[in-house]
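This report walks a new reader through a single protein structure, moving from one helix to the cores and then to the open and enclosed spaces. The sequence and the structure come first.

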Amino acid sequence: MKNLVSVEWLAHHLYDEHLVVVDCQFELGKPESGYAAYVEGHIPGALYADLEKDLSGEVGEHGGRHPLPDQEQLQELVERLGIQQDSKVIVYDHEYGAMAARLWFLLGFAGHKERAVLDGGLKAWRGEGHKLETKVPEVSRSEYPISLDKSMIVSMNDVKQAQQEGRTIIDSRAPERFNGEKEPIDQKAGHIPGAINFFWKDNLNEDQKWKVPEERVGINEHGQEPIVYCGSGVTACVNLLALQEAGVHAKLYPGSYSDWVSYQNNPIDSN
């Protein structure tokens with residue numbers, strides 16, 4: 001399965017036996033609004049996963065604003081969603097695919113390969129005339145002993161090692177945050193020294209559909225096995241998906257900038 005599927009594909013396969021569809025609508029700063037939007041209308045048969053309750057672990061002094069869930073929490077999610085080893089999982093949201101890409105990444109981290117993001121998300125589904133439903137479906141729990149692929153992530157110390165080696169480090173945030181001109185969330189403005197900037201939304205068009213491959217973040221500019229981060233390890237997953245589509249095995253720094261600045265002695269660059 002490709003990492004992206006079209007609305008046409010999903011509409012054709014929506015009632016396939018082994019298909020699992022997951023709605024990841026979420027709005028930062030309004031944690032209850034995502035589930036409320038899901039209940040108001042979602043793709044038929046879709047289940048719901050919440051960024052902060054399901055797709056993130058417990059926040060501590062370090063680790064960033066959206067730490068990765070641990071193996072127990074991630075296995076609980078996979079089994080609650082009824083995902084089995086032969087399931088094809090399609091994930092979507094309503095905001096440029098960031099939350100969906102986070103679940104796409106986590107499923108890969110859990111060892112599940114057959115997963116994809118819906119190109120254009122809920123906006124495209126509705127825009128092409130497909131119906132929504134309000135019913136919350138019932139699903140039988142699965143039994144799926146997952147195994148975490150820790151080769152997909154790096155620690156803060158790994159980032160420091162990468163700096164010394166001159167490896168590519170990609171900051172996925174908006175340019176004004178990367179440049180230190182504006183920082184609405186984290187305690188310090190700027191970026192990890194040595195990082196380059198590729199804004200995650202630049203992979204998509206205004207209609208929230210993905211650009212053609214040569215216009216996305218890609219292999220020619222950024223070399224092999226780049227490290228990707230953002231503010232808290234969520235929107236960086238959009239760049240990770242783009243890199244994987246380009247044949248690049250990139251790694252996520254899960255704690256991202258919010259973890260980096262939680263250590264007072266870590267240097268920061270701006271402009």
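## Helix α6 and its surroundings

In this predicted model, the buried residues of α6 pack against three other elements, namely β6 (169–171), β8 (227–229) and α10 (256–260). The helix itself covers residues 156–165, and its buried residues are Met156, Val159 and Ala162. Seen down the axis of α6, these buried residues fall within an arc of 110°, so they line one face of the helix.

The face of α6 that is turned away from the buried side carries Asn157 and Gln164, which are exposed. After α6 comes Gly166, a residue whose phi is positive, near 75°.

## The nonpolar cores

In soluble globular proteins, nonpolar side chains tend to be buried together. Here the largest nonpolar core has 57 residues, and those with the most contacts inside it are Val22, Leu74, Ile83, Val91, Leu103, Phe105 and Leu240. Two or more residues of this core are given by each of β2, β3 (47–48), α3, β4 (88–92), α4 and α9 (236–245), and the largest share, 10 residues, comes from α4.

Leu240, one of the residues with the most contacts inside the largest core, touches Trp104, Phe105, Val228, Ala250, Lys251 and Leu252, when residues up to four places away in sequence are not counted. Separate from the largest core there is a second core of 15 residues, which includes Val7, Leu10, Leu14 and Ala124.

## A buried glutamate in helix α3

Helix α3, which spans residues 71–80, contains Glu79. The relative accessibility of Glu79 is 13%, and because buried means under 20%, Glu79 counts as buried. Leaving aside residues up to four places away in sequence, Glu79 touches Arg141, Ser142, Glu143 and Tyr144.

## The two largest pockets

The largest pocket has a volume of about 580 Å³. It is lined by 26 residues, of which Leu28, Arg177, Ile185, Trp200 and Thr235 are the closest to its centre. The elements that give two or more residues to the lining of this pocket are α4 (98–109) and α7 (175–178), and by class the lining divides into 12 nonpolar, 6 polar and 8 charged residues. Helix α4 therefore appears in two settings, since it gives two or more residues to the lining of the largest pocket and also the largest share of the largest nonpolar core.

The second largest pocket holds about 330 Å³ of space. Among the 21 residues that line it, the closest to its centre are Glu17, Leu19, Val20, Gly45 and Val139. Strand β2, made up of residues 19–23, gives the most to this lining, with 3 residues, and the lining as a whole has 11 nonpolar, 6 polar and 4 charged residues.

## The enclosed cavity

How many cavities of 30 Å³ or more does the structure hold? There is 1 such cavity, and the largest cavity has a volume of about 60 Å³. Of the 13 residues that line the largest cavity, Tyr96, Gly97, Leu118, Gly120 and Gly121 are the closest to its centre. The residues of this lining divide into 6 nonpolar, 5 polar and 2 charged.

Note on methods:
Residues are numbered from 1 along each chain as its sequence is written. This is a predicted model: local features need pLDDT of at least 70, side-chain atom pairs count only at pLDDT 80 or more; totals for chains, interfaces and linings use all residues. Side-chain values use heavy atoms; hydrogens and water are left out. Buried means under 20% relative accessible area, exposed over 50%, partly exposed in between (1.4 Å probe, protein chains only). Helices (H or I, at least four residues) and strands (E, at least two) are DSSP runs, numbered from the N terminus. The arc is that of the directions from the helix axis to the C-beta atoms. Contact means heavy atoms within 4.5 Å. On a 1 Å grid over the protein atoms alone, a cavity is a set of points where a 1.4 Å probe fits but cannot get out, and a pocket is an open set with protein on both sides within 12 Å along at least five of seven lines; lining residues have an atom within 4 Å of a point. Grid points are joined across faces, edges and corners, and a volume is the space filled by probe spheres set on the points. Ala, Val, Leu, Ile, Met, Phe, Trp, Tyr, Cys and Pro count as nonpolar, Asp, Glu, Lys and Arg as charged, and the others, Gly among them, as polar. A nonpolar core is a set of buried Ala, Val, Leu, Ile, Met, Phe, Trp, Tyr and Cys residues joined through side-chain atoms within 4.5 Å.
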